[in-house]
Amino acid sequence: MTHAMLKGSNVPLQATTVRAVLRWTPGQGVPDVDASALLLGPDDRVRSDEDFVFYNQPRHPSGQVWRLGKKRVAEGLTDTIQTDLSGVEPSVGRILLVASADGVTFDRVTSLRILLYDAATADAEPLAHFDVKPETGQETALICGELYRRGEAWKFRALGEGYSNGLKGLATDFGISVDESEGADDPVSAPRPEPVQPAPAPSAPSRSAPEQPTSAQPASAPPVVGPEQPTAVQPLPGASRPLPPEQPTGVPAQPAYGYPQQPAAAQPSYGYPPAAAGRPGYGYPQAPATAGVTGAQSGYGYPQPVTGTPDPDFRLPPQGPQFLGR
């Protein structure tokens with residue numbers, strides 16, 4: 001049976017391990033809430049700074065009080081402190097269960113509730129719950145309730161007491177040393193860790209065509225180029241056409257293609273002296289005048305009849321050795 005508690009009421013606890021859960025409803029402008037605990041000695045003050053269990057010191061050295069951390073549930077967000085009451089040191093008479101909002105006032109926190117569970121029973125209903133309501137709305141830290149000894153037993157009391165100077169002010173009131181100097185190595189003065197945001201819901205997949213893989217090229221690799229190819233030398237604009245190659249000495253110059261032809265000089269017959277000007281070489285068609293006879297017409301390759309006036313300059317060519325002595 002769950003006990004719905006009012007401020008100042010108490011309930012005995014039969015459980016030996018108690019889980020105290022702070023739960024609130026998140027929303028636009030709602031601050032993140034942190035759960036913490038202070039273990040108080042006989043004088044209602046902490047014995048040392050180690051008796052403060054919070055986000056920068058999540059476990060007590062005795063191992064009997066520790067912070068479980070935040071979770072998202074159907075009703076909202078939670079932050080939890082768990083305590084093994086059977087192992088708590090005898091010098092500890094009270095354990096304060098605290099909620100803080102990191103400097104933001106609790107009038108902006110909606111549906112803040114503390115629930116007590118028997119940690120040894122899974123999925124059990126809460127033993128008790130208390131709806132925490134700030135008195136002024138300007139509180140930045142609240143003592144939601146306390147676990148306290150009565151003889152050999154433990155009880156829970158609903159409190160709802162507020163502090164306007166935040167978690168540091170509350171802790172200082174119960175004997176925690178807070179060094180405000182710059183650079184001080186103090187867990188209370190250390191920055192609060194950033195809250196873990198829930199992962200956003202995945203967006204609907206796009207209907208666009210799937211992206212095609214591209215071949216990755218190393219960023220630092222030089223471009224691959226082939227062997228350098230010779231390039232043709234282009235003539236300068238307005239330059240004249242190149243001349244044909246120079247011919248060796250003694251060889252008649254060959255005309256360039258497409259240029260007017262030069263008349264070839266007459267070549268003498270092989271082994272014979274050059275003929276007189278106007279005389280054909282041996283074995284070539286004869287000129288209109290028959291060889292040795294002026295004015296005679298000759299047929300190609302046949303002896304010519306002797307007519308007309310003999311040429312006084314005519315001489316027989318030298319004969320070869322096969323004709324000598326005959």
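Here is a short tour of the model, stop by stop.

Before you click, note that this is a predicted model, with local features needing pLDDT of at least 70, side-chain atom pairs counted only at pLDDT 80 or more, and totals for chains, interfaces and linings using all residues. Residues are numbered from 1 along each chain as its sequence is written, and side-chain values use heavy atoms, with hydrogens and water left out.

**Whole chain.** Start with the cartoon view: you'll find 1 helix and 12 strands (DSSP runs numbered from the N terminus, H or I of at least four residues for helices, E of at least two for strands). Going along the sequence, the pattern is β-β-β-β-β-β-β-β-β-β-β-β-α. Of the 326 residues, 31% count as buried (under 20% relative accessible area, with exposed over 50% and partly exposed in between, using a 1.4 Å probe on protein chains only).

**The sheet.** Now pick out strands 2, 12, 11, 8, 4 and 5: in that order they make an open sheet of 6 strands with antiparallel pairing (two strands pair if DSSP finds at least two bridges between them). Strand 2 and strand 5 (52-53) are at the edges with a single partner strand each, so one side of each has no neighbour in the sheet.

Zoom in on strand 2, residues 10-13. Which way do its side chains point? V11 and L13 are buried and point to one face, while N10 and P12 point to the other and are not buried. Next door is strand 12 (residues 153-163), antiparallel to strand 2 and joined to it by 4 bridges; look for K155 opposite P12.

Then select residues 94-100 and 141-150. These are strand 8 and strand 11, an antiparallel pair with 7 bridges, and L97 stands opposite G145.

**The rings.** Show side chains for F52, F54 and Y55, a cluster linked by ring pairs (Phe, Tyr and Trp rings, the six-membered one for Trp, with centres within 6.5 Å; planes under 30 degrees apart are stacked, over 60 edge-to-face, the rest tilted). F52 and F54 are stacked, at 4.3 Å centre to centre and 10° between the planes. F54 and Y55 have centres 5.2 Å apart and planes at 65°, so that pair is edge-to-face. F52 and F54 are both buried, and Y55 is buried too.

**Charges over rings.** Two last stops. Select R59 and W66: the charged end of R59 sits over the W66 ring, 4.8 Å from its centre (NZ of Lys or CZ of Arg within 6 Å of the ring centre and within 35 degrees of the ring normal). Finish at R157, whose charged end sits over the ring of Y148, 4.2 Å from its centre.
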